[in-house]
Each structure stands twice: as structure tokens, then as C-alpha cells.
Amino acid sequence: MGEIVAVKVLFETSSGFAIFCFDGGFLNEANAIETLWTHFVSKTTASLAVLPLGFEMFENKSDAINPISGIDERLTRMIRNGGLGRHFLITCQYDEAVLEVMWGLKTSCILYCPKRNQS
């Protein structure tokens, strides 16, 4: 494995929003698309590649990001506390490897994010 590259992701879940930090160095490995899934097969392997930085539950997620009222104060605070609100040079990568990471984060949400009450 190469250099650790911290990649932070704001992720919408079924019950709110989460911020994860993922070791983006895995994205740059020669065989990334064949091996990325292995980092999400269990709680142990996921904990080595993913660090949950925050979670905010919303009863109605459309209140969290609303074109009229803006971004909810709780979500704004979580974004700032998770390091996403600072001014950084932000690059975007979208390819098969990123899709694999997003699948892994979605799978990992059951480990890190509470579900909405089913009452």
C-alpha cells in the first residue's frame, strides 16, 4: 500500500447524513477495482479503511438541504466539524473505483449510522 490520502465524503443515508474519511490511497492502486471491495467485507476491514466523522439524523431530509431556506444549521455544523467546511483545493474523481467505494460506504452505513425508527 502507498501513501495514505484522506478523502472525506458527505454521504446521504436512509435516515440522515454522514461524513466518512476514507483512505483514498486505495483508489490509486493498480488493481483498485478488483480489491476495493475487500476493505468493506467486515466491520474489521472497514474500520481499517473508513473512519466515521459524524452523523446527523433528519426526520425529513428535504429540510436539511432546502433551496429556499438553505442548509440546516445541524448539517452545517456537522460539515464544519468534519473538516468539509474549510477552504481546500477540492478535486473530483468519478470512475469505477469511486463507484466501488460508494458501494462500500453504503454497505458500511449499517455499522456506523442508526436507522430511522420503524414505529
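Strand β2 (residues 16-23) and β3 pair in the antiparallel sense, with seven bridges between them. Two strands count as paired here if DSSP finds at least two bridges between them. Strands (E, at least two residues) and helices (H or I, at least four) are DSSP runs, numbered from the N terminus. Before going further, keep in mind that this is a predicted model: local features need pLDDT of at least 70 and side-chain atom pairs count only at pLDDT 80 or more, while totals for chains, interfaces and linings use all residues. Residues are numbered from 1 along each chain as its sequence is written, and side-chain values use heavy atoms, with hydrogens and water left out.

**The sheet**

Let's stay with β2 for a moment. On its other pairing, seven bridges join β1 to β2, and these two run antiparallel. β1 and β2 form a hairpin, with three residues between them. If you want residues to click on, try Phe 22: the bridge partner of Val 7 in β2 is Phe 22, and Phe 22 also stands opposite Val 50 in β3. Gly 16 has its bridge partner in β3 too, namely Met 57.

Put together, that gives an open sheet of three strands in the order β1-β2-β3, with antiparallel pairing. β1 (6-12) and β3 (50-57) stand at the edges with a single partner strand each, so one side of each has no neighbour in the sheet. From one strand to the next, the twist averages 15°. As background, strands of a sheet pair through backbone hydrogen bonds, either parallel or antiparallel.

How many of β2's residues are buried? Eight of its eight, so to speak of β2 as mostly covered is fair. Buried means under 20% relative accessible area, exposed means over 50%, and partly exposed is in between (1.4 Å probe, protein chains only).

**The helix across the sheet**

Helix α4 (residues 96-112) lies across β1, β2 and β3, and runs at about 70° to β1. For that angle, axes are lines fitted to C-alpha atoms, for helices over the stretch in contact, and angles run from 0 to 180 degrees between N-to-C directions. Ser 108 is found in α4, and at 1% relative accessibility Ser 108 counts as buried. What does Ser 108 touch, leaving aside its neighbours within four places in sequence? Ser 108 is in contact with Phe 40 and Ala 46, where contact means heavy atoms within 4.5 Å.

**Salt bridges**

A search of the whole structure finds four salt bridges. A salt bridge here is a side-chain nitrogen of Lys or Arg within 4 Å of a carboxyl oxygen of Asp or Glu. Three of them are set out below.

| Pair | N to O distance |
|---|---|
| Glu 12 and Lys 61 | 3.1 Å |
| Arg 74 and Asp 72 | 3.6 Å |
| Glu 73 and Arg 77 | 3.1 Å |

The Glu 12 and Lys 61 salt bridge links distant parts of the chain: Glu 12 sits in strand β1 and Lys 61 in the loop between β3 and β4 (65-66), 49 residues apart. Glu 12 is partly exposed at 49% relative accessible area, and Lys 61 is partly exposed at 21%.

Glu 73 and Arg 77 both lie in helix α3 (residues 73-81), four residues apart, which is about one turn of the helix. Glu 73 is exposed, with a relative accessible area of 60%, whereas Arg 77 is partly exposed at 42%.

Arg 74 and Asp 72 belong to something wider: Glu 56, Asp 72 and Arg 74 are linked in a network of salt bridges. Arg 74 is partly exposed at 32% relative accessible area, and Asp 72 is partly exposed at 23%.

**A nonpolar patch**

Which residues make the nonpolar surface patch of about 330 Å²? Trp 37, Val 41 and Trp 103 do. Patches are made of residues with over 30% relative accessible area and no salt bridge; like charges are joined within 9 Å, and nonpolar side chains (Val, Leu, Ile, Met, Phe, Trp, Tyr) within 5 Å. Accessible areas come from the Shrake-Rupley method with a 1.4 Å probe, and for residues only the protein chains shown count as cover. Trp 37 is found in the loop between α1 (32-35) and α2 (43-49), and is partly exposed, with a relative accessible area of 40%.
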